[in-house]
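These are my notebook entries on one chain, written while I looked up its charges, its rings and its helix in turn.

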Amino acid sequence: CPFNGWGISDCWHDQDAGVVCGDYTQPFPPLRLVGGPTPNIGRVEVQFYGLWGTVCGNYWDIHDATVVCRQLGYNGTAIPLTNAVFGQGTGPIWMDYVGCNGSESYLDRCPFNGWGINYCGHY
């Protein structure tokens with residue numbers, strides 16, 4: 001939508017915008033990075049049905065890493081890492097053979113084997 005530009009307005013604060021949203025429906029599973037030295041580095045974990053689990057590194061590449069970083073709100077170059085660089089996870093391995101093309105907004109929009117279907121293990 002067109003607007004006058006940042007800081008250019010003919011409004012007063014009694015005209016500030018607001019919103020009332022409907023019921024919250026989580027459109028994507030939450031992601032987090034665990035075990036890294038800073039919040040933007042770590043093992044990828046995804047929450048499914050309230051339970052945190054890992055993502056297997058089979059065919060994990062820059063396109064998959066880019067989607068994770070985008071979903072978490074990070075910009076810039078994404079570097080894909082595998083082989084449990086940040087330690088092995090526990091619990092279920094939720095995703096395997098993730099095949100993002102890099103344009104997806106959320107990891108679960110990328111093709112993968114299906115929730116909990118994997119050829120990995122925590123050893």
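**Entry 1: salt bridges**

With which residue does Arg32 form a salt bridge? I found Glu45 as the partner, with the closest N and O atoms 2.8 Å apart; by salt bridge I mean a side-chain nitrogen of Lys or Arg within 4 Å of a carboxyl oxygen of Asp or Glu. The pair links distant parts of the chain, since Arg32 is in strand β1 and Glu45 in strand β2, 13 residues apart.

Before going on I note that this is a predicted model, in which local features need pLDDT of at least 70 and side-chain atom pairs count only at pLDDT 80 or more, while totals for chains, interfaces and linings use all residues. Residues are numbered from 1 along each chain as its sequence is written, and side-chain values use heavy atoms, with hydrogens and water left out.

I then looked up burial, taking buried as under 20% relative accessible area, exposed as over 50% and partly exposed as in between (1.4 Å probe, protein chains only). Glu45 is buried, with a relative accessible area of 5%, whereas Arg32 is partly exposed at 33%. Glu45 also forms a salt bridge with Arg43, where the closest N and O atoms are 3.0 Å apart, and Arg43 is buried at 17%. Arg32, Arg43 and Glu45 are thus linked in a network of salt bridges. The structure holds three salt bridges, and one of them joins Asp108 to Arg109 at 2.9 Å between the closest N and O atoms; Arg109 is partly exposed, with 44% relative accessible area.

Arg32 has a further partner, for its charged end sits over the ring of Trp52, 4.0 Å from the ring centre; the rule asks for NZ of Lys or CZ of Arg within 6 Å of the ring centre and within 35 degrees of the ring normal.

**Entry 2: the chain as a whole**

I recorded one helix and four strands, running β-β-β-α-β from the N terminus on; helices (H or I, at least four residues) and strands (E, at least two) are DSSP runs, numbered from the N terminus. Of the 123 residues, 27% count as buried. Taking contact as heavy atoms within 4.5 Å, I noted that among contacts between residues at least 6 apart in sequence, 56% join residues at least 24 apart.

**Entry 3: two buried aspartates**

What surrounds Asp96, in the segment after β4 (93-95)? Asp96 is buried yet has no salt bridge, the nearest side chain of opposite charge being Arg43, 14 Å away; here Lys and Arg count as positive and Asp and Glu as negative, with His and the chain ends not counted. I did find a polar contact of 3.0 Å between the side chains of Asp96 and Asn58, and the side chain of Asp96 reaches the backbone nitrogen of Tyr119 at 2.7 Å. A polar contact is a pair of N or O atoms within 3.5 Å; within protein, one must be able to donate a hydrogen and the other to accept it, and residues adjacent in sequence count only if both atoms are side-chain atoms.

Asp64, in helix α1, is likewise buried without a salt bridge, and its nearest side chain of opposite charge is Arg70, 10 Å away. The side chain of Asp64 reaches the backbone nitrogen of Asp61 at 3.0 Å. At the start of α1, a side-chain oxygen of Asp61 reaches to within 3.0 Å of the backbone nitrogen of His63. Among the buried residues of α1 I also listed Val67, Val68 and Cys69, and what covers the buried residues of α1 includes β1 and β2.

**Entry 4: aromatic rings**

I counted rings of Phe, Tyr and Trp (its six-membered ring) as paired if their centres lie within 6.5 Å, with planes under 30 degrees apart stacked, over 60 edge-to-face and the rest tilted. By this rule the count comes to seven aromatic pairs. The rings of Tyr59 and Tyr97 have centres 5.3 Å apart and planes at 40°, so I entered the pair as tilted. Tyr59 lies in the loop between β3 (51-55) and α1 (62-71) and Tyr97 in the segment after β4, so the pair ties together parts that are 38 residues apart in sequence. Phe112 and Trp115, with centres 5.0 Å apart and planes at 75°, are edge-to-face, and Phe48, Tyr49, Trp94, Phe112 and Trp115 form one aromatic cluster.
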